[in-house]
Amino acid sequence: MALRLLKITLVTLLVFLLAAALWIGTAGKDLFRTATGSVSHSLCAATFVSHVDPQQIFQEEQLPLMRGIGWAIHYEVDHAMREVRTSVFGDFTARAVYREGLGCLLVHGGGAVPEAAGFEPAPIASTWPASMVEPSDPTIRRALDQAFAEPDPAHPRLTKAVVVVHDGKLIAERYAAGYGPDTPIWAHSLTKSVINALIGILVREGKLQLDQPAPIAAWRSPADPHHAVTVDQLLRMNSGLPFDETDGALSPMTRMLFLERDMAGYAARTPLAHPPGTAWGYSNLGYVLLSRLVRDAAGGSAVDAGRFVRRELFAPLGMRSAVIETDATGTPVGSSNVYASARDFARFGQLYLDDGVVDGRRILPEGWVAYSHSQTLKTGYGAGFWTNLVSEGSVPVWNAPWGMPRLPKDMYYGRGALGQYLVIVPSERLVVVRMGISIDYGTGTEDMVAAIIAALHRRSAP
């Protein structure tokens, strides 16, 4: 009897091992490559772009997302080569390499790194004080205290930076240990708002039109269903491309970011899920396609794109710490890969508060700001920004799933994964930036902004 049970156990174990080997060789292979790619890229940027502790970033950001395989992940930060290599179970190695002026690149396979030398960007001046600006108002001080508090240690907020600008003046800021006014932080989908501005610049220059079919080379044929997709529809996420953050860890978004050398090429090959203009679906793929338009207009290479973004946007605004990363073909990763300080994003928000003008120079076309936060279909999305309203028939209501009902209805905002917020409140002449690593999105940003507005009202009362 014991021998029979042993045989059954051995057969069961053998079947399990064979099934595991088959899974690792198929779906598991992509899952592990995605995991190692995510770790390599994140820790490369932490080390060489943000200059923060990569071990801390691994513990706070990557490990909670690894879903039980964190113990099998090994990474190595090579300061001499300026790269990070990561493996899982000693295999599925991914390498991310730092390139000056261009951030980190996830390298697929061996061989040379495209534009490995990068470029030496010219310094960007800032008119803001070098030292940190402490809030003078005690209510605003308490609001920032609460933003950095940890009311639920099981679900930490891990706020890293808050910056408050009122009437164009920096009135308050605070940073976590290891972070400061010039620390570039991973902006995630706040990057989409930056791409909105870059497309706006190309529209102002006459190089693009919103209602024109997007000039994507792979969509040139009129017989292609993608051919009718316009620049406006890509910005508004109603192009017909699928909602791309589904399917768990192996979504179209993660496949594009961690498994594809040519991200825009992958996005262009993705079939439409709906006819253009008929349905909304959150679209990282669409914003990488918009980024390809930026690259093509800039000259076609990563360095061309990097110089264009700095010359036309970052430098005029004084975004001195900002960098946008590219894929191996030179296309900016416009879905997610801007690194910038909270001060940088406050300056960016001020550009929109000032109708696209900075220091008397028009950066964005006239009317672009209103366009950017006008609603798409009956959703709470605009074109690169979220709004605070949705519509039911002809009646505007609060944008409950994504909005902030305690804030004024004219508020609109950029939002990125792990709790990145750029909140713009035109009626209050207010910009608030909150950045951190909040896995569960419980950031308290709405409460903080509401408290700041209340404090400003009390200060202005007769």
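**Exercise 1.** Determine the strand order of the open six-stranded sheet and identify its edge strands.

*Solution.* The open sheet contains six strands in the order S6-S5-S17-S16-S15-S12, paired in the antiparallel sense. Strand S6 (169-175) and strand S12 (386-387) each have a single partner strand, so one side of each lacks a neighbour in the sheet. Strands here are DSSP E runs of at least two residues and helices are H or I runs of at least four, both numbered from the N terminus; two strands pair if DSSP finds at least two bridges between them.

The model is predicted: local features need pLDDT of at least 70, side-chain atom pairs count only at pLDDT 80 or more, and totals for chains, interfaces and linings use all residues. Residues are numbered from 1 along each chain as its sequence is written, and side-chain values use heavy atoms, with hydrogens and water left out.

**Exercise 2.** Describe the pairing of S5 with S17.

*Solution.* Strand S5 (residues 159-166) and strand S17 (residues 430-436) are antiparallel and share seven bridges. Within this pairing, Val164 stands opposite Val432 of S17.

**Exercise 3.** Locate His51 and Leu377, and state the sign of phi for each.

*Solution.* His51 lies in the loop between helix H2 (27-50) and helix H3 (54-62). Its phi is positive, about 60°, although His51 is not a glycine. His51 is exposed, with a relative accessible area of 61%. Leu377 belongs to the loop between helix H12 (368-372) and S12; its phi is positive too, near 50°, and Leu377 is likewise not glycine. Leu377 is partly exposed, at 43% relative accessible area. Buried means under 20%, exposed over 50%, and partly exposed in between (1.4 Å probe, protein chains only).
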